[in-house]
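Here are a few notes to read alongside the structure. Have it open and follow the points in order.

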Amino acid sequence: MSEKLYTVGKIVNTHGIRGELKIVPETHFPDERFAKGSKLVFVHPEQGTQLSVTVEAAREQKNMFIIKFQGFTNINEVEKYKGWLLKVEEQYLSELPEDEYYYHEIIGCTVVTEEGEELGTISEILSPGANDVWVVKRPAGKPLLLPYIDDVVLNVDVNGKKITVRLMEGLLDL
């Protein structure tokens with residue numbers, strides 16, 4: 001496959017005996033990604049083996065999704081996919097509104113202050129409540145937690161992999 005793939009979830013277990021799988025979502029758009037008819041790809045985390053699949057049915061359950069994929073009818077056919085990643089091809093990514101980003105666009109970006117001081121790189125994104133929190137891995141010291149709000153995040157250059165921020169008092173405890 002020449003398409004770039006982006007992780008949207010992880011297969012953590014089987015569910016029942018009819019071939020359903022438990023998925024931990026890693027996307028802001030689980031309802032869209034796991035909708036009936038969605039084309040996804042199972043990817044083995046080490047070997048990179050790929051299998052194209054289509055969602056037959058999905059339902060949310062306790063922060064996870066129970067998904068039935070077309071062509072699988074019992075637990076024995078899906079057991080081997082535990083631990084695999086669930087990915088989507090780039091062609092199925094939707095255009096996002098301005099000021100919204102996919103995780104893969106933000107993670108790995110360099111973070112600099114408006115004065116040009118480099119703080120580190122974004123290592124993960126947390127969604128604790130009202131707004132996301134971007135975790136900045138720093139060369140030394142504790143990670144920096146940046147709330148994704150207009151007062152803090154001044155500019156996001158996805159292509160240049162650079163984010164400019166204004167540090168509010170109390171954000172940076174050295």
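1. Let's begin with the aromatics: the count comes to eight aromatic pairs. One of them joins Tyr81 and Trp84, which sit edge-to-face, with 4.9 Å from centre to centre and 90 degrees between the planes. Keep in mind that this is a predicted model.

2. Are Tyr81 and Trp84 buried or exposed? Both are buried. Here that label means under 20% relative accessible area.

3. Now zoom out a little from that pair. Ring pairs tie Tyr81 and Trp84 into a cluster together with Phe42, Phe69 and Phe72.

4. Phe42 is a handy link to the strands, as its bridge partner is Leu86 in β6. The strands involved are β3, residues 39-43, and β6, residues 85-89, and they pair in the antiparallel sense over three bridges.

5. Which larger arrangement do β3 and β6 belong to? They are part of a closed barrel of six strands, and if you trace it, the order is β1-β2-β5-β4-β3-β6, with antiparallel pairing. From one strand to the next, the twist averages 50 degrees.

6. Further along the chain, have a look at β9 (residues 133-137) and β10 (residues 144-147). These two also pair in the antiparallel sense, over four bridges. Within that pairing, Val136 has Leu144 in β10 as its bridge partner.

7. Last stop: what lies between β9 and β10? Their hairpin has six residues between the strands, and Gly141 there takes a positive phi near 90 degrees.

Conventions:
Residues numbered from 1 in each chain as written. Predicted model: local features only at pLDDT ≥ 70, side-chain atom pairs only at ≥ 80, totals over all residues. Heavy atoms only, no water. Pairing = 2+ DSSP bridges. Axes fitted to C-alpha atoms, helices over the stretch in contact; angles between N-to-C directions. Phe/Tyr/Trp six-rings, centres within 6.5 Å; stacked < 30°, edge-to-face > 60°. Buried < 20%, exposed > 50% of the residue type's maximum accessible area, 1.4 Å probe, protein only.
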